[in-house]
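Please take a moment to look over the sequence and the model before reading on. The paragraphs below go through it part by part.

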Amino acid sequence: RRGITGRGIGIAIVDQPLLTKHQEYADRLRLYEENNIEPVSDASMHGAAVASIAVGKTVGVAPEADLYYIGSWTGDRGKGGAGFEWNVAYYAQSVRRVLEINKQLPDDRKIRVISMSVGWSSERKGYDEMTAAVEEAKKAGMFVVSSCIDDVYGFVFDGLSRAPLSDPDDFASYEPGLWLAEEFYRGLRKWNQLWVPMGSRTTAAPNGLDEYVFYRQGGWSWAIPYVAGVYALAAQVDPEITPERFWNLAMKTGRTIEVEHQGRKYELGPIVDPGALIDALEDK
């Protein structure tokens with residue numbers, strides 16, 4: 001209602017093959033390329049989901065942001081599709097391609113954030129290339145959101161779920177993600193971290209231009225494009241925003257709630273509060 005929709009901000013996503021004409025994001029897609037994708041590959045559920053969470057018209061965080069998407073697998077398949085070997089060098093190539101694209105964009109339409117729902121470790125092939133490419137993106141002023149955000153920036157996040165029929169706009173609806181709840185209640189996931197929506201989400205589906213899917217359980221893959229979308233909103237309000245200032249404000253303005261489990265009460269938070277975050281940016 002206030003016009004804060006990510007307008008004028010570019011979000012780049014590197015992920016699995018995309019159904020490019022889905023009604024949720026077709027109007028926002030500015031470029032689609034593929035790297036290390038076989039010509040016979042179908043659109044993936046992963047690609048449709050992350051794109052729609054970031055910029056979807058009705059299910060997205062930043063519905064008027066520009067989307068630049070590079071479809072890529074995270075490794076090599078054996079002959080006949082048998083076996084899989086990780087090689088994140090393909091993602092490194094895609095990150096560098098995003099940097100090339102960004103140089104061609106006007107100053108008021110730059111890509112400000114890259115969303116990659118993947119992590120990489122030193123044991124995986126292509127680790128050095130990936131680490132170097134991400135550093136180049138950081139130096140170019142982009143916020144790189146991934147499962148390795150802790151290693152890259154020192155930031156920590158985790159994911160929330162909620163009952164399917166609960167109000168997604170009510171903070172009291174939320175609870176720890178289904179697959180991590182047990183560790184949370186045992187005190188094993190209480191870091192200085194930001195909590196973001198993850199489970200019980202409706203996203204675009206890959207099997208039709210107007211098809212949708214509801215995921216009762218979500219993973220970090222759904223949280224990462226959410227964070228990227230909120231960063232696009234922040235960048236629209238404050239073009240000088242940096243990842244560090246964004247994260248500090250998100251932690252400071254986030255909401256902490258109380259959840260009950262087996263007769264005990266637990267504090268859960270801070271939960272990202274986009275409205276409060278935007279208010280803080282506008283009041284600077």
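**A walk through the model**

Setting aside residues within four places of it in sequence, Ser-44 is in contact with Gln-16, Pro-17 and Pro-206. This structure is a predicted model, and Ser-44 is a convenient place to enter it, in the loop between strand S2 and helix H1. With a relative accessible area of 8%, Ser-44 falls under the 20% limit and therefore counts as buried.

From that loop the chain can be followed into helix H1, which spans residues 45-55 and is mostly covered, since 10 of its 11 residues are buried. The buried residues of H1 are His-46, Gly-47, Ala-48, Ala-49, Val-50, Ala-51, Ser-52, Ile-53, Ala-54 and Val-55. They pack against strands S1 and S3, against strand S11 (201-204) and strand S12 (212-215), and against helix H6 (220-237).

Two of the buried residues of H1, His-46 and Val-50, appear again among the contacts of Ser-117, which lies in the loop between S6 and H3. Not counting neighbours up to four places away in sequence, Ser-117 touches Asp-15, His-46, Val-50, Ser-147, Ser-221, Ile-224 and Pro-225. Ser-117 has a relative accessible area of 13% and is buried, because the limit for that term is 20%. One of its contacts can be given in finer detail, as a polar atom of the Ser-117 side chain lies 2.9 Å from the backbone oxygen of Ser-221. The C-alpha atom of Ser-117 is also 11 Å from that of Tyr-226, a residue 109 places away along the chain.

Helix H2 comes next, running over residues 89-103 with 15 residues, and the distance from its first C-alpha to its last is 22 Å, close to the 21 Å expected at 1.5 Å a residue. Its buried residues are Ala-89, Tyr-90, Tyr-91, Ala-92, Ser-94, Val-95, Val-98, Leu-99, Ile-101 and Asn-102. The elements that cover them include the strands S1 (10-15), S2 (29-35), S3 (66-72), S4 (75-77) and S6 (111-116), together with helix H3 (127-139).

Met-142 offers another view of H2, although its own place is in the loop between H3 and strand S7 (143-146). Apart from residues up to four places away in sequence, Met-142 touches Val-98, Leu-99, Asn-102, Ile-111, Arg-112, Ile-114, Ala-137 and Tyr-153. Its relative accessible area is 1%, so Met-142 is buried under the 20% limit. Met-142 and Arg-112 are 30 residues apart in sequence, while their C-alpha atoms are 4.8 Å apart in space.

Tyr-153, one of the residues that Met-142 touches, leads on to the aromatic rings. A pair of such rings is described by the distance of the centres and the angle of the planes. The model holds 16 aromatic pairs. Among them is the pair of Tyr-153 and Phe-155, which is stacked, with 5.2 Å from centre to centre and 10° between the planes. Both partners are buried, Tyr-153 at 14% relative accessibility and Phe-155 at 8%. Ring pairs also link Tyr-153 and Phe-155 with Phe-143, Tyr-231, Phe-246 and Trp-247 into a cluster.

Charged side chains are placed over some of the rings as well. Lys-138 lies over the face of Tyr-153, at 4.8 Å from the ring centre, and Arg-124 lies over the face of Trp-86, at 3.6 Å from the ring centre.

Notes: Residues are numbered from 1 along each chain as its sequence is written. This is a predicted model: local features need pLDDT of at least 70, side-chain atom pairs count only at pLDDT 80 or more; totals for chains, interfaces and linings use all residues. Side-chain values use heavy atoms; hydrogens and water are left out. Helices (H or I, at least four residues) and strands (E, at least two) are DSSP runs, numbered from the N terminus. The expected span of a helix is 1.5 Å times one less than its number of residues. Buried means under 20% relative accessible area, exposed over 50%, partly exposed in between (1.4 Å probe, protein chains only). Contact means heavy atoms within 4.5 Å. Rings of Phe, Tyr and Trp (its six-membered ring) pair if their centres lie within 6.5 Å; planes under 30 degrees apart count as stacked, over 60 as edge-to-face and the rest as tilted. A charge sits over a ring if NZ of Lys or CZ of Arg is within 6 Å of the ring centre and within 35 degrees of the ring normal. A polar contact is a pair of N or O atoms within 3.5 Å; within protein, one must be able to donate a hydrogen and the other to accept it, and residues adjacent in sequence count only if both atoms are side-chain atoms.
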